[in-house]
Amino acid sequence: MKHESPEARLIREQARYIRILEEQLEVCKEQLKAQELLIEEQDQALALFAEAFREEGK
């Protein structure tokens, strides 16, 4: 069985950690996009509600 040098092990662990961080970043980007879409939909709903409220007040 070949033993890994401490440097090689460190590099392998760092590469694994970087892959995990990249995956987490992608998840965060997807969450941000979903939040932005939700905010846009809420803005549209609020605008419709405000318009209906104004019409009712006339």
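**View 1. Glu13 and its salt-bridge partner Arg16.** At 29% relative accessibility, Glu13 counts as partly exposed, because that class runs between buried (under 20% relative accessible area) and exposed (over 50%), with a 1.4 Å probe and protein chains only. Arg16, at 44%, is partly exposed too. The two side chains form a salt bridge, with the closest N and O atoms 3.4 Å apart; the term asks for a side-chain nitrogen of Lys or Arg within 4 Å of a carboxyl oxygen of Asp or Glu. Glu13 and Arg16 are about one helical turn from each other because they sit 3 residues apart in helix H1. Helices here are DSSP runs (H or I, at least four residues), as are strands (E, at least two), numbered from the N terminus.

This is a predicted model, so local features need pLDDT of at least 70 and side-chain atom pairs 80 or more, while totals for chains, interfaces and linings use all residues. Residues are numbered from 1 along each chain as its sequence is written, and side-chain values use heavy atoms, leaving out hydrogens and water.

**View 2. Glu4 and Arg12 join in.** Arg12 and Glu4 meet through their side chains in a salt bridge of 2.9 Å, N to O. Arg12 counts as partly exposed at 41% relative accessibility, and Glu4 as partly exposed at 41%. Step back a little and you get a network of salt bridges linking Glu4, Arg12, Glu13 and Arg16.

**View 3. Glu51 and Arg54.** Here's another salt bridge, with the closest N and O atoms of Glu51 and Arg54 2.9 Å apart. These two are also 3 residues apart in helix H1, so about one helical turn separates them. Glu51 is partly exposed, at 36% relative accessibility. The whole structure has 5 salt bridges.

**View 4. Phe49 and Phe53, an aromatic pair.** The rings of Phe49 and Phe53 are stacked, 6.3 Å centre to centre with 20° between the planes. For the label, rings of Phe, Tyr and Trp (its six-membered ring) need centres within 6.5 Å; planes under 30 degrees apart are stacked, over 60 edge-to-face, the rest tilted. Both residues lie in helix H1 (residues 6–57), 4 residues apart, and both are exposed.

**View 5. The nonpolar patch.** Leu46 joins Phe49 and Phe53 in a nonpolar surface patch with about 380 Å² of accessible area together. Areas come from the Shrake-Rupley method with a 1.4 Å probe, and for residues only the protein chains shown count as cover. Patch members have over 30% relative accessible area and no salt bridge, with like charges joined within 9 Å and nonpolar side chains (Val, Leu, Ile, Met, Phe, Trp, Tyr) within 5 Å. Leu46 counts as exposed, at 54% relative accessibility.
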